[in-house]
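Student: I have a protein model open and would like to learn how to read it. Could we go through it together, one feature at a time?

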Amino acid sequence: MLLISNPKAFIAPSLPVLGRRTPTLVLWGAREVPTQAFSRHLRRASGPNLIMSSGTVTVRAGCRDDAHALLVMIQELAEFEKELDQVQMTVETLQRDGWPLPDEVAAGQQVRFETLFAEVGGLVVGFALFFHNYSTWEGVGVYLEDLYVNPEQRGKGVGTALMRAVAQVAQDRGCSRFQWQAIDFNSPAIEYYKNKLGARERMETGDAKWMNFIMNRQQVDSFLSKQTAHKSL
């Protein structure tokens, strides 16, 4: 079970601006991630990468060497969400989009997301992946795409530490919103968000809910081809 524990107060320094995607919080049901498989891809938290540390949990900014461990955890999270077959991500894409090389930056590549990694005993046990979004009503916000904690480390405050670290980023950068999603069958996560974090479902006047829409690459191509065909008539 993930992170439902009494968190200690954390005070984090401002994160350097790194990059940018609503998270799904997994509380139980995911297959265990063998932390030993990550060991050769890790960097211990120290120096400028250290964000916060309390007890045995350390939160640090991600680095290019974390891409392999990140992909493994993304796949574990997708398996819990019953959509593992939808994951098309690669280590190379994560490295390019999260930590582009100087020549890639020179060619126009931008940093697309930021990551925070939680460590226990020098090994990665969870991550948060986020980026900035923008509201025409309120301005810039932080959008949390994924929040994941290794099953063996849940219930120890790791997830809460990650949430607090991302919230600190939002506060330090003057963001108007800290926003994410939860899959509907993950009722423990929804309960945690509402009752422990104080978050709310996005509802407006008359309890009208905002609905999320998405198009994959093929649907975008199809839409644009239809529009082109329509314009040529």
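**Reading the model from one residue outwards**

Tutor: Gladly! Let's begin with a single residue and its surroundings: apart from neighbours within four places in sequence, T115 makes contact with R60, A61, G62, L70, W99, A128, L129 and F130. Keep in mind throughout that this is a predicted model.

Student: Where does T115 sit, and is T115 buried or exposed?

Tutor: T115 belongs to strand β3. To judge burial, look at the relative accessible area, where anything under 20% counts as buried. T115 has 3%, so T115 is buried.

Student: What about L116?

Tutor: L116 is also part of strand β3. Its relative accessibility is 0%, so L116 counts as buried. A useful idea here is that side chains in a regular strand alternate between the two faces of the sheet. For β3 as a whole, 6 of the 7 residues are buried, and the strand is mostly covered.

Student: Which strands pair with β3, and in what sense?

Tutor: To read a sheet, follow the bridges from strand to strand. Strand β2 (residues 57–61) pairs with β3 in the antiparallel sense, over 5 bridges, and V57 stands opposite V120 in β3. The pairing of β3 with β4 is antiparallel as well, over 7 bridges. One of the partnerships there joins E114 to F130 in β4. For a distance to check in your viewer, take L116 and F130: they are 14 residues apart along the chain, and their C-alpha atoms are separated by 8.6 Å.

Student: How many residues lie between the strands in the hairpin of β3 and β4?

Tutor: There are 2 residues between those strands, and in this hairpin G121 takes a positive phi near 60 degrees. Backbone angles like this are worth looking up at turns and at element ends. Another case is K82, just after α1, with a positive phi of about 65 degrees.

Student: Let's continue along the sheet. What does β4 do next?

Tutor: Strand β4 (residues 123–135) runs antiparallel to β5, and 10 bridges join the two. Y134 stands opposite V140 in β5. β4 and β5 form a hairpin too, with 3 residues between them.

Student: Which strand pairs with β5 in the parallel sense?

Tutor: That is strand β6 (residues 177–179), which pairs with β5 over 3 bridges. Y143 stands opposite Q179 in β6. For a parallel pair, it helps to trace the path of the chain from one strand to the other. Here β5, helix α4 (residues 158–172) and β6 make a β-α-β unit, and the unit is right-handed.

Student: Why is β5 described as largely enclosed?

Tutor: Count its buried residues. Of the 11 residues of β5 (residues 139–149), 10 are buried, so the rest of the structure largely encloses the strand.

Student: Can we read a helix in a similar way?

Tutor: Yes, starting with its span. Helix α1 (residues 67–80) has 14 residues and reaches 20 Å from its first C-alpha to its last, close to the 20 Å expected at 1.5 Å a residue. Then turn to burial: 11 of the 14 residues of α1 are buried, so this helix is largely enclosed by the rest of the structure. Among them are L70, V72, I74 and F80.

Student: What covers the buried residues of α1?

Tutor: The cover includes α2, β3, β4 and β5. You can look at the α1 and α2 packing from the other side as well: V91, L94, Q95, D97 and G98 are buried in α2, and what covers the buried residues of α2 includes α1.

Student: How does the whole chain look when I zoom out?

Tutor: The protein chain has 6 helices and 6 strands, following the pattern β-β-α-α-α-β-β-β-α-β-α-α along the sequence. Of its 233 residues, 43% are buried. The chain exposes about 13,400 Å², with carbon and sulfur atoms supplying 51% of that area.

Student: Which elements have the lowest and the highest mean pLDDT?

Tutor: Strand β1 (residues 50–54) has the lowest mean, at 63, and helix α2 (residues 91–98) the highest, at 98. Over residues 1–47 the pLDDT is below 50, and beyond near neighbours in sequence this stretch has 165 contacts in the model. For the protein chain the mean pLDDT is 78, with 73% of residues reaching 70 or more.

Note on methods
Residues are numbered from 1 along each chain as its sequence is written. This is a predicted model: local features need pLDDT of at least 70, side-chain atom pairs count only at pLDDT 80 or more; totals for chains, interfaces and linings use all residues. Side-chain values use heavy atoms; hydrogens and water are left out. Buried means under 20% relative accessible area, exposed over 50%, partly exposed in between (1.4 Å probe, protein chains only). Helices (H or I, at least four residues) and strands (E, at least two) are DSSP runs, numbered from the N terminus. Two strands pair if DSSP finds at least two bridges between them. A crossover is right-handed if, with the strands pointing away from the viewer, the path from the first strand over the helix to the second runs clockwise. pLDDT is the predictor's confidence in each residue, from 0 to 100. Contact means heavy atoms within 4.5 Å. The expected span of a helix is 1.5 Å times one less than its number of residues. Accessible areas come from the Shrake-Rupley method with a 1.4 Å probe; for residues, only the protein chains shown count as cover.
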